[in-house]
Amino acid sequence: MSIDISMMVVVQQYLDARRQLGFELIAPGTELMRFARYADAREHRGPLTQDLIVGWAREHVKRTSTVTAARRLEVVRPFVAYYRQFEPASEIPPAGALGRGHRRLVPHIYTDQEVAQLLQAADRLTPHGGLRPLTYRTLFGLIATAGLRLSEALNLTIRDVDLGASAVTVRQTKFRKSRCLPLHSSAIQALGAYRLSRDLCHGADPNVPFFVSQTGAALPARTVEGVFRHMQSHLGWQARGDYPAPRIHDLRHTFAVRRLQCWREQGQSIDHALFWLCTYLGHAKISDTYWYLTGVPELMDSIGTRFECFAALGASS
(Lines give C-alpha, C1' and ligand atoms only; values in the text may rest on other atoms or scores of the structure.)
Protein backbone atom coordinates (compact mmCIF):
# COMPACT_ATOMS: atom_id res chain seq x y z
CA MET A 1 0.00 0.00 0.00
CA SER A 2 1.43 3.34 -1.03
CA ILE A 3 1.13 6.41 1.17
CA ASP A 4 0.66 9.89 -0.22
CA ILE A 5 1.52 12.12 2.72
CA SER A 6 4.54 14.30 3.32
CA MET A 7 7.74 12.78 4.67
CA MET A 8 7.62 15.31 7.53
CA VAL A 9 4.37 13.70 8.74
CA VAL A 10 5.75 10.16 8.47
CA VAL A 11 8.97 11.05 10.29
CA GLN A 12 7.01 12.73 13.07
CA GLN A 13 4.83 9.63 13.43
CA TYR A 14 7.98 7.49 13.64
CA LEU A 15 9.57 9.74 16.28
CA ASP A 16 6.36 9.82 18.34
CA ALA A 17 6.15 6.03 18.29
CA ARG A 18 9.78 5.58 19.30
CA ARG A 19 9.60 8.17 22.06
CA GLN A 20 6.56 6.47 23.54
CA LEU A 21 8.85 3.46 23.98
CA GLY A 22 11.33 5.56 25.96
CA PHE A 23 13.81 6.63 23.28
CA GLU A 24 14.76 10.33 23.48
CA LEU A 25 16.03 10.63 19.89
CA ILE A 26 17.05 14.26 20.31
CA ALA A 27 19.94 14.53 17.83
CA PRO A 28 18.65 11.71 15.58
CA GLY A 29 15.23 13.37 15.55
CA THR A 30 16.76 16.61 14.30
CA GLU A 31 18.61 14.77 11.54
CA LEU A 32 15.53 12.81 10.48
CA MET A 33 13.47 15.99 10.19
CA ARG A 34 16.22 17.38 7.95
CA PHE A 35 15.94 14.28 5.81
CA ALA A 36 12.16 14.73 5.66
CA ARG A 37 12.51 18.34 4.50
CA TYR A 38 15.03 17.18 1.87
CA ALA A 39 12.63 14.52 0.56
CA ASP A 40 9.60 16.84 0.61
CA ALA A 41 11.51 19.58 -1.21
CA ARG A 42 11.97 17.06 -4.03
CA GLU A 43 8.27 16.08 -3.83
CA HIS A 44 9.28 12.50 -3.18
CA ARG A 45 6.50 9.94 -2.87
CA GLY A 46 6.62 6.17 -2.82
CA PRO A 47 9.47 3.85 -1.85
CA LEU A 48 12.65 5.39 -0.48
CA THR A 49 15.63 4.84 -2.74
CA GLN A 50 19.32 4.62 -1.95
CA ASP A 51 19.96 7.50 -4.36
CA LEU A 52 17.65 9.78 -2.35
CA ILE A 53 19.08 8.72 1.01
CA VAL A 54 22.75 8.92 0.00
CA GLY A 55 22.13 12.24 -1.75
CA TRP A 56 20.80 13.68 1.51
CA ALA A 57 23.61 12.15 3.57
CA ARG A 58 26.24 13.80 1.38
CA GLU A 59 24.54 17.19 1.08
CA HIS A 60 26.34 20.26 2.45
CA VAL A 61 29.23 18.38 4.02
CA LYS A 62 32.72 19.80 4.08
CA ARG A 63 35.94 18.61 5.65
CA THR A 64 34.26 16.01 7.83
CA SER A 65 32.19 14.71 4.91
CA THR A 66 32.95 11.01 5.24
CA VAL A 67 32.11 10.88 8.95
CA THR A 68 29.13 13.23 8.74
CA ALA A 69 27.61 11.40 5.79
CA ALA A 70 28.16 8.02 7.46
CA ARG A 71 26.50 9.20 10.67
CA ARG A 72 23.51 10.51 8.74
CA LEU A 73 23.18 7.14 7.07
CA GLU A 74 23.20 5.38 10.45
CA VAL A 75 20.39 7.66 11.64
CA VAL A 76 18.13 7.11 8.64
CA ARG A 77 18.50 3.29 8.33
CA PRO A 78 16.13 2.43 11.25
CA PHE A 79 13.58 4.88 9.90
CA VAL A 80 13.65 3.22 6.48
CA ALA A 81 13.02 -0.14 8.17
CA TYR A 82 9.94 1.42 9.81
CA TYR A 83 8.86 3.03 6.52
CA ARG A 84 8.91 -0.30 4.70
CA GLN A 85 5.66 -1.30 6.39
CA PHE A 86 4.05 1.33 4.13
CA GLU A 87 6.39 1.03 1.16
CA PRO A 88 7.88 -2.50 1.08
CA ALA A 89 10.07 -1.66 -1.92
CA SER A 90 12.02 0.95 0.06
CA GLU A 91 15.78 0.34 -0.04
CA ILE A 92 17.76 0.20 3.22
CA PRO A 93 21.35 1.27 2.54
CA PRO A 94 23.91 -1.32 3.71
CA ALA A 95 25.56 -0.63 7.06
CA GLY A 96 28.86 1.16 6.51
CA ALA A 97 28.04 2.03 2.91
CA LEU A 98 29.59 5.50 3.42
CA GLY A 99 32.29 4.39 5.85
CA ARG A 100 32.53 4.50 9.61
CA GLY A 101 30.21 6.92 11.36
CA HIS A 102 31.90 6.98 14.74
CA ARG A 103 35.53 7.78 14.02
CA ARG A 104 36.84 10.28 16.54
CA LEU A 105 37.72 13.45 14.67
CA VAL A 106 41.21 14.82 15.13
CA PRO A 107 41.06 18.02 17.23
CA HIS A 108 43.03 21.21 16.81
CA ILE A 109 45.92 21.15 19.32
CA TYR A 110 46.73 24.74 20.20
CA THR A 111 50.28 26.01 20.38
CA ASP A 112 51.35 28.07 23.38
CA GLN A 113 51.41 31.10 21.07
CA GLU A 114 47.80 30.54 20.00
CA VAL A 115 46.61 30.27 23.60
CA ALA A 116 48.42 33.52 24.40
CA GLN A 117 46.82 35.16 21.34
CA LEU A 118 43.38 34.03 22.50
CA LEU A 119 43.81 35.59 25.94
CA GLN A 120 45.16 38.80 24.42
CA ALA A 121 42.16 38.94 22.08
CA ALA A 122 39.87 38.59 25.09
CA ASP A 123 41.60 41.57 26.70
CA ARG A 124 40.63 43.65 23.66
CA LEU A 125 36.91 42.95 23.96
CA THR A 126 34.58 45.83 24.76
CA PRO A 127 33.83 47.65 26.95
CA HIS A 128 37.48 48.42 27.55
CA GLY A 129 38.23 48.34 31.25
CA GLY A 130 34.91 46.61 32.00
CA LEU A 131 34.24 43.18 33.46
CA ARG A 132 33.47 41.50 30.11
CA PRO A 133 37.07 41.28 28.79
CA LEU A 134 38.28 39.90 32.13
CA THR A 135 35.42 37.39 32.19
CA TYR A 136 36.36 35.89 28.83
CA ARG A 137 40.08 35.95 29.51
CA THR A 138 39.58 34.11 32.80
CA LEU A 139 37.05 31.67 31.35
CA PHE A 140 39.20 30.64 28.40
CA GLY A 141 42.29 30.60 30.60
CA LEU A 142 40.65 28.24 33.09
CA ILE A 143 39.47 25.86 30.36
CA ALA A 144 42.99 25.78 28.92
CA THR A 145 44.59 25.34 32.34
CA ALA A 146 42.26 22.69 33.79
CA GLY A 147 40.89 21.01 30.67
CA LEU A 148 37.28 21.73 31.62
CA ARG A 149 34.36 21.29 29.30
CA LEU A 150 32.70 24.63 28.51
CA SER A 151 29.53 23.56 30.32
CA GLU A 152 31.55 22.65 33.41
CA ALA A 153 33.21 26.06 33.53
CA LEU A 154 29.93 27.92 33.02
CA ASN A 155 28.19 25.88 35.73
CA LEU A 156 30.75 26.77 38.40
CA THR A 157 29.33 28.78 41.31
CA ILE A 158 31.28 31.01 43.64
CA ARG A 159 31.37 28.30 46.31
CA ASP A 160 32.86 25.87 43.76
CA VAL A 161 35.97 28.04 43.34
CA ASP A 162 37.99 27.59 46.54
CA LEU A 163 40.83 30.05 46.26
CA GLY A 164 42.19 29.11 49.69
CA ALA A 165 42.44 25.43 48.80
CA SER A 166 43.70 26.18 45.26
CA ALA A 167 40.99 24.02 43.74
CA VAL A 168 37.67 24.04 41.91
CA THR A 169 34.84 21.56 42.41
CA VAL A 170 33.07 20.43 39.24
CA ARG A 171 29.64 19.07 40.18
CA GLN A 172 27.36 16.54 38.47
CA THR A 173 28.93 16.77 35.03
CA LYS A 174 28.53 14.86 31.79
CA PHE A 175 28.50 11.42 33.44
CA ARG A 176 26.81 12.61 36.68
CA LYS A 177 30.13 12.71 38.47
CA SER A 178 31.65 15.40 40.68
CA ARG A 179 35.36 15.96 41.06
CA CYS A 180 37.70 18.34 42.90
CA LEU A 181 40.53 19.68 40.74
CA PRO A 182 43.74 21.16 42.17
CA LEU A 183 45.00 24.14 40.20
CA HIS A 184 48.37 25.79 39.63
CA SER A 185 49.08 28.94 41.64
CA SER A 186 49.02 31.07 38.46
CA ALA A 187 45.47 29.88 37.74
CA ILE A 188 44.38 30.67 41.29
CA GLN A 189 45.90 34.12 41.00
CA ALA A 190 43.91 34.80 37.81
CA LEU A 191 40.69 33.44 39.35
CA GLY A 192 41.25 35.59 42.44
CA ALA A 193 41.66 38.74 40.37
CA TYR A 194 38.48 37.98 38.45
CA ARG A 195 36.58 37.16 41.64
CA LEU A 196 37.49 40.54 43.13
CA SER A 197 36.25 42.40 40.04
CA ARG A 198 33.04 40.39 39.57
CA ASP A 199 32.11 40.70 43.27
CA LEU A 200 32.46 44.46 43.13
CA CYS A 201 30.02 44.52 40.21
CA HIS A 202 27.57 41.77 41.15
CA GLY A 203 28.00 40.68 44.76
CA ALA A 204 29.29 37.48 46.31
CA ASP A 205 26.36 35.12 46.86
CA PRO A 206 28.09 31.68 47.05
CA ASN A 207 25.34 29.97 45.05
CA VAL A 208 25.38 32.21 41.98
CA PRO A 209 27.45 31.59 38.81
CA PHE A 210 31.14 32.39 39.02
CA PHE A 211 31.32 33.55 35.40
CA VAL A 212 28.67 36.16 34.68
CA SER A 213 27.44 38.41 31.90
CA GLN A 214 27.47 42.18 32.14
CA THR A 215 24.06 42.04 33.82
CA GLY A 216 25.22 39.54 36.44
CA ALA A 217 23.30 36.63 34.90
CA ALA A 218 24.82 33.28 33.94
CA LEU A 219 26.74 33.29 30.66
CA PRO A 220 24.88 31.26 27.99
CA ALA A 221 27.09 28.75 26.17
CA ARG A 222 25.76 29.99 22.82
CA THR A 223 26.91 33.52 23.63
CA VAL A 224 30.38 32.32 24.60
CA GLU A 225 30.63 30.25 21.40
CA GLY A 226 29.68 33.30 19.36
CA VAL A 227 32.29 35.49 21.02
CA PHE A 228 34.93 32.80 20.50
CA ARG A 229 34.11 32.41 16.80
CA HIS A 230 34.36 36.18 16.33
CA MET A 231 37.75 36.23 18.04
CA GLN A 232 39.24 33.24 16.25
CA SER A 233 38.13 34.51 12.84
CA HIS A 234 40.11 37.69 13.44
CA LEU A 235 43.16 35.81 14.72
CA GLY A 236 43.52 34.02 11.37
CA TRP A 237 44.37 30.58 12.75
CA GLN A 238 44.68 27.70 10.30
CA ALA A 239 42.76 24.64 11.47
CA ARG A 240 44.85 21.55 12.18
CA GLY A 241 42.72 18.44 12.39
CA ASP A 242 39.35 17.35 11.05
CA TYR A 243 37.20 20.30 12.08
CA PRO A 244 36.71 23.36 9.84
CA ALA A 245 38.00 25.73 12.54
CA PRO A 246 39.53 25.59 16.05
CA ARG A 247 36.93 25.17 18.81
CA ILE A 248 36.70 26.01 22.50
CA HIS A 249 36.58 22.27 23.25
CA ASP A 250 39.98 21.91 21.61
CA LEU A 251 41.45 23.75 24.61
CA ARG A 252 40.46 20.69 26.67
CA HIS A 253 42.11 18.37 24.15
CA THR A 254 45.22 20.54 24.20
CA PHE A 255 45.40 20.40 28.00
CA ALA A 256 45.30 16.59 27.94
CA VAL A 257 47.94 16.23 25.24
CA ARG A 258 50.32 18.78 26.79
CA ARG A 259 49.96 17.14 30.21
CA LEU A 260 50.91 13.77 28.75
CA GLN A 261 53.85 15.33 26.94
CA CYS A 262 55.05 16.89 30.17
CA TRP A 263 54.83 13.60 32.06
CA ARG A 264 56.68 11.85 29.24
CA GLU A 265 59.49 14.39 29.37
CA GLN A 266 59.70 13.96 33.15
CA GLY A 267 60.02 10.21 32.81
CA GLN A 268 56.69 9.46 34.50
CA SER A 269 54.97 6.11 33.92
CA ILE A 270 52.46 6.86 31.17
CA ASP A 271 50.21 4.00 32.30
CA HIS A 272 49.90 5.49 35.79
CA ALA A 273 49.63 9.01 34.41
CA LEU A 274 46.70 8.07 32.20
CA PHE A 275 44.68 6.96 35.23
CA TRP A 276 45.38 10.31 36.91
CA LEU A 277 44.39 12.17 33.75
CA CYS A 278 41.23 10.06 33.34
CA THR A 279 40.10 11.08 36.83
CA TYR A 280 41.04 14.74 36.36
CA LEU A 281 39.16 15.02 33.07
CA GLY A 282 36.10 13.17 34.38
CA HIS A 283 36.16 10.45 31.73
CA ALA A 284 33.84 7.48 32.13
CA LYS A 285 36.23 5.10 30.36
CA ILE A 286 40.02 4.91 30.44
CA SER A 287 39.93 4.17 26.70
CA ASP A 288 38.77 7.77 26.14
CA THR A 289 41.95 8.95 27.86
CA TYR A 290 44.26 6.55 26.02
CA TRP A 291 42.99 8.15 22.80
CA TYR A 292 45.03 11.25 23.64
CA LEU A 293 48.23 9.28 23.00
CA THR A 294 47.43 9.82 19.32
CA GLY A 295 47.16 13.60 19.79
CA VAL A 296 50.57 14.71 18.54
CA PRO A 297 53.52 13.04 16.74
CA GLU A 298 55.65 12.99 19.91
CA LEU A 299 53.08 10.86 21.73
CA MET A 300 52.58 8.63 18.69
CA ASP A 301 56.32 8.00 18.89
CA SER A 302 55.79 6.73 22.44
CA ILE A 303 53.12 4.33 21.17
CA GLY A 304 55.48 3.06 18.49
CA THR A 305 58.29 2.49 20.98
CA ARG A 306 56.03 0.62 23.38
CA PHE A 307 54.65 -1.57 20.59
CA GLU A 308 58.17 -2.45 19.47
CA CYS A 309 58.98 -3.56 23.03
CA PHE A 310 55.76 -5.59 23.14
CA ALA A 311 56.51 -7.21 19.78
CA ALA A 312 60.06 -8.03 20.84
CA LEU A 313 58.80 -9.77 23.98
CA GLY A 314 56.35 -11.79 21.92
CA ALA A 315 59.08 -12.87 19.49
CA SER A 316 61.38 -14.02 22.29
CA SER A 317 58.73 -16.11 24.09
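This passage walks through the nonpolar core, aromatic pairs, charged contacts, backbone features and a surface patch of the structure above. The model is a predicted one, and local features are reported only where pLDDT is at least 70.

A good place to start is the interior. In soluble globular proteins, nonpolar side chains tend to be buried together. Here, the largest nonpolar core has 57 residues. Leu 139, Phe 140, Leu 183, Leu 191, Phe 211 and Val 224 are the members with the most contacts inside this core. Two or more residues are given to the core by each of several elements, among them helix H5 (112-123), helix H7 (150-154), strand E2 (167-170), helix H9 (221-235) and helix H10 (249-265). H6, H8 and H11 also belong to that set of contributors, and the largest share, 8 residues, comes from H6.

The aromatic side chains can be taken next. A pair of aromatic rings is described by the distance of the centres and the angle of the planes. The count of aromatic pairs in the model comes to 17. In one of them, the ring centres of Tyr 14 and Tyr 82 lie 5.0 Å apart with the planes at 55°, so this pair is tilted. Tyr 14 belongs to helix H1 (residues 7-20) and Tyr 82 to helix H4 (residues 65-83); with their positions 68 residues apart, the pair links distant parts of the chain. Both tyrosines, Tyr 14 and Tyr 82, are buried. A tilted arrangement is also found for Tyr 136 and Phe 140, because their planes meet at 45°, with the ring centres 5.9 Å apart. Unlike a link between distant parts of the chain, this contact is made within helix H6 (residues 131-146), where Tyr 136 and Phe 140 are 4 residues apart and so separated by about one helical turn. Tyr 136 is buried at a relative accessible area of 3%, and Phe 140 is buried at 1%. Phe 140 thus appears both in this ring pair and among the core residues with the most contacts. Tyr 14 and Tyr 82, for their part, belong to a cluster in which ring pairs also link Phe 35, Trp 56, Phe 79, Tyr 83 and Phe 86.

Two tyrosine rings have an arginine for company. Arg 42 lies over the face of Tyr 38, 3.6 Å from the ring centre. Over the ring of Tyr 243 sits the charged end of Arg 247, at 3.7 Å from the centre.

Charged side chains also meet one another, and the count of salt bridges comes to 12. In helix H2 (residues 26-41), Arg 34 and Glu 31 are 3 residues apart, which places them about one helical turn from each other. Their side chains form a salt bridge with an N to O distance of 2.7 Å. The two partners differ in exposure: Arg 34 is partly exposed at 39% relative accessibility, whereas Glu 31 is buried at 18%, the cut-off for buried being under 20%. Arg 72 joins Glu 31 and Arg 34 in a network of salt bridges. Helix H8 (residues 185-202) holds another bridge within one element, with Asp 199 and Arg 195 lying 4 residues apart, about one turn of the helix. The closest N and O atoms of this Asp 199 and Arg 195 bridge are 2.4 Å apart, and Asp 199 is buried at 19% relative accessibility. A further salt bridge brings Arg 45 and Asp 40 together at 3.9 Å, N to O; Arg 45 is partly exposed, at 39% relative accessibility.

Several backbone features fall in loops. The peptide bond from Thr 126 to Pro 127 is cis, with omega near -5°, and Pro 127 lies in the loop between H5 and H6. Leu 25, although not a glycine, has a positive phi of about 55°. The loop between H1 and H2 holds Leu 25, which is buried at 18% relative accessibility. Ser 166 likewise has a positive phi, near 55°, and is a residue other than glycine. Ser 166 is placed in the loop between strand E1 (161-162) and E2 and is partly exposed, with a relative accessible area of 27%.

At the surface, Phe 275, Trp 276 and Tyr 290 make a nonpolar patch of about 330 Å². Phe 275 is found in helix H11 (residues 270-281). With a relative accessible area of 48%, Phe 275 is partly exposed, so it clears the 30% cut-off for patch residues.

Conventions. Residues numbered from 1 in each chain as written. Predicted model: local features only at pLDDT ≥ 70, side-chain atom pairs only at ≥ 80, totals over all residues. Heavy atoms only, no water. Patch = residues over 30% accessible without salt bridge, like charges linked within 9 Å, V, L, I, M, F, W, Y side chains within 5 Å. Areas by Shrake-Rupley, 256 points an atom, 1.4 Å probe, with all protein chains shown as cover. Salt bridge = Lys/Arg side-chain N within 4 Å of Asp/Glu carboxyl O. Buried < 20%, exposed > 50% of the residue type's maximum accessible area, 1.4 Å probe, protein only. Phe/Tyr/Trp six-rings, centres within 6.5 Å; stacked < 30°, edge-to-face > 60°. Lys NZ or Arg CZ within 6 Å of the ring centre and 35° of its normal. Core = buried A, V, L, I, M, F, W, Y, C linked by side-chain atoms within 4.5 Å.
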